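The report that follows describes selected local features of one model, moving from a turn to the strands around it and then to a helix and some aromatic rings. Please keep the sequence and the structure in view while reading.

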Amino acid sequence: MVVINSEGSTRAGCTIRRATLDDIPDIYRIELMCFDDPWDYKSMIEMMTVFLTSFYVAEAEGRVVGFSAGAVEDTGEEKYGHVCNLGVSPDMRRFGIGRLLLRKLERDFFMDGCTACSLEVRKSNANARDFYTRVGYEDVITFAEYYKDGEDAVVMMRWF
């Protein structure tokens with residue numbers, strides 16, 4: 001069991017580190033457990049090697065138990081971080097691992113001069129929306145039929 005203390009660190013050896021290509025099989029396994037419309041394996045490799053500025057894994061109990069992926073986007077008027085993906089193994093949820101992974105991305109974005117962080121989440125995903133609200137994100141807009149199955153996405157943001 002992983003226990004998170006009030007400072008956000010773990011007492012049971014959970015560590016956050018940069019992901020490597022060797023982590024892709026574990027990340028993909030978690031992706032398949034977490035999402036109805038998962039990224040495909042090839043896309044994960046492309047995202048890690050070409051697009052993403054930040055890609056992290058959480059390790060606990062000798063295995064990868066979560067990951068976060070994000071990129072800095074520059075509109076020409078504003079620079080902001082975009083949380084592209086975040087997943088935690090179902091058996092390791094509610095220990096603060098998702099929060100640690102998210103905060104690691106946010107630190108990267110802030111250090112790169114971003115003024116905010118955005119993400120998209122399924123409108124029906126109440127658990128994820130509640131999590132993001134608890135850590136300071138606000139609903140800003142809904143994108144109709146954003147996902148392949150036609151479900152809407154809620155864009156959430158947190159300003160630094």
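Is E61 buried, exposed or partly exposed? In this predicted model, E61 has a relative accessible area of 47%, and it is therefore classed as partly exposed.

## Two residues with positive phi

E61 lies in the loop between β2 and β3, and its phi is near 55°, a positive value in a residue other than glycine. The loop belongs to the hairpin of β2 and β3, in which two residues separate the strands.

R94 also has a positive phi without being a glycine, with a value near 75°. R94 is found in the loop between β4 and α3, and with a relative accessible area of 73% R94 is exposed.

## Strand β3 and its partners

Strand β3 covers residues 63-74, and nine of its twelve residues are buried, so this strand is largely enclosed by the rest of the structure. On one side of the pairing scheme stands strand β2 (residues 54-60), which runs antiparallel to β3 and is joined to it by seven bridges; within this pairing, S54 stands opposite G70.

Strand β4 (residues 79-88) also pairs with β3 in the antiparallel sense, here over nine bridges, and A71 of β3 stands opposite H82 of β4. These two strands form a hairpin with four residues between them, and G76 in the turn has a positive phi of about 95°.

## V65 within β3

V65 is found in strand β3 and is buried, its relative accessible area being 0%. When neighbours within four places in sequence are left aside, the contacts of V65 are I30, A58, E59, A60, G87, V88, S89, M92 and I97.

Of these contacts, A58, E59 and A60 fall within the residue range of β2, 54-60, while G87 and V88 fall within that of β4, 79-88. I97 belongs to helix α3, where it is among the buried residues. Another separation that can be stated for V65 is that to C14, which is 51 residues away along the chain, with 9.0 Å between the two C-alpha atoms.

## Helix α3

Helix α3 (residues 97-111) consists of 15 residues and reaches 21 Å from its first C-alpha to its last, close to the 21 Å expected at 1.5 Å a residue. Its buried residues include I97, G98, L100, L101, L102 and L105, together with E106, D108 and F109, so that charged residue types as well as hydrophobic ones appear in the list. After the helix comes G113, whose phi is positive, near 90°.

## Aromatic rings and a charge over a ring

A search of the whole structure finds seven aromatic pairs. One of them is formed by F110 and F160, with 5.9 Å from centre to centre and 90° between the planes, an edge-to-face arrangement. This pair links distant parts of the chain, since F110 is in helix α3 whereas F160 is in the segment after β7 (153-159), 50 residues apart. F160 has a relative accessible area of 35% and is partly exposed.

Elsewhere, F131, Y132 and Y137 form one aromatic cluster. The ring of Y147 has the charged end of R122 sitting over it, at 4.2 Å from the ring centre.

Key:
Residues are numbered from 1 along each chain as its sequence is written. This is a predicted model: local features need pLDDT of at least 70, side-chain atom pairs count only at pLDDT 80 or more; totals for chains, interfaces and linings use all residues. Side-chain values use heavy atoms; hydrogens and water are left out. Buried means under 20% relative accessible area, exposed over 50%, partly exposed in between (1.4 Å probe, protein chains only). Two strands pair if DSSP finds at least two bridges between them. Contact means heavy atoms within 4.5 Å. The expected span of a helix is 1.5 Å times one less than its number of residues. Rings of Phe, Tyr and Trp (its six-membered ring) pair if their centres lie within 6.5 Å; planes under 30 degrees apart count as stacked, over 60 as edge-to-face and the rest as tilted. A charge sits over a ring if NZ of Lys or CZ of Arg is within 6 Å of the ring centre and within 35 degrees of the ring normal.
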